[in-house]
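Student: Could we go through a structure together, with the reasoning behind each label spelled out?
Tutor: Gladly, let's have it in front of us.

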Amino acid sequence: MVDGSPKQKERFSRAWVVAAAAAANFTYEIVADDERGVDMTVHSNEHTLDLQLKATSNPEVQNDCLIHDLDVRTYNLLRSQQRSGYGVLAVIVVADDTADWHVMDHDGTSLTRSAYYLPLFGMPSTSNAATIRLKVPLRNFLTPGAMQAMMDAQAARWVQ
């Protein structure tokens, strides 16, 4: 069994988002320098989702939520209502063994295990100095439909 390195998990998490974005007919950009707390941006014709990607093979689950500690700087960047893109945390849960991450046979291809999202746009401020503990509901699967719903929420921001 081979547990992937942090860089390998990062690359796989991008592949997961690319697959969901393509299925939703959205374009995407991989951000080379995540100075703004963004690893990928997904675009509709008019709106954007700014995603911070995290991957884990050992998720902490409590009360039907994934628990993720995010650094406060990134949290504040993504929750800001002054940003043009809709800030989202995406947590990709991968199998322990990298051989199980991508499975293909004559019936199709699957990316294992799951991907989840938590919109951070508009979340409350925190007095924490280093990290903030976030609860990502297990019902928040990062699917093409979920991306569309987040795009719709982003579009609603601009309606006056």
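The talk below takes up helices, two histidines and a pocket.

Tutor: A word on the source: this is a predicted model, in which local features need pLDDT of at least 70 and side-chain atom pairs count only at pLDDT 80 or more, while totals for chains, interfaces and linings use all residues. Residues are numbered from 1 along each chain as its sequence is written, and side-chain values use heavy atoms, with hydrogens and water left out.

Student: Why is His68 called buried?
Tutor: Buried means under 20% relative accessible area, exposed over 50%, and partly exposed in between (1.4 Å probe, protein chains only). His68 has 16%, so it is buried. Its place is in strand β5, residues 65-71; strands (E, at least two residues) and helices (H or I, at least four) are DSSP runs, numbered from the N terminus.

Student: What is His68 in contact with, leaving aside its neighbours within four places in sequence?
Tutor: Contact means heavy atoms within 4.5 Å, and the partners of His68 are Lys54, Leu89, Val91, Ile132, Arg133 and Leu134. His68 and Leu134 are 66 residues apart in sequence, yet 5.2 Å apart in space, C-alpha to C-alpha.

Student: And what makes His47 buried?
Tutor: The same kind of test: its relative accessible area is 14%, so His47 counts as buried. His47 sits in the loop between β2 and β3, and its contacts beyond four places in sequence include Met151 and Gln154.

Student: Those two belong to which list of buried residues?
Tutor: That of α3, where Ala146, Met147, Met150, Met151 and Gln154 are buried.

Student: How do you know that the buried residues of α3 line one face?
Tutor: Take the directions from the helix axis to the C-beta atoms, which define the arc. Down the axis of α3, the buried residues fall within an arc of 140°, so they line one face of the helix. They pack against α1 (6-23), β2 (40-43), β3 (48-56), β6 (86-94) and β9 (113-119).

Student: Which residues are buried in α2?
Tutor: In α2 (residues 72-79), they are Val72, Thr74, Tyr75, Leu78 and Arg79. Their arc is within 160°, so these too line one face of their helix. They pack against β3, β5, β6 and β10 (131-137).

Student: How many residues of each class line the largest pocket?
Tutor: The lining has 3 nonpolar (Ala, Val, Leu, Ile, Met, Phe, Trp, Tyr, Cys and Pro), 5 charged (Asp, Glu, Lys and Arg) and 2 polar residues (the others, Gly among them). A pocket is an open set of points on a 1 Å grid over the protein atoms alone, where a 1.4 Å probe fits, with protein on both sides within 12 Å along at least five of seven lines; lining residues have an atom within 4 Å of a point.
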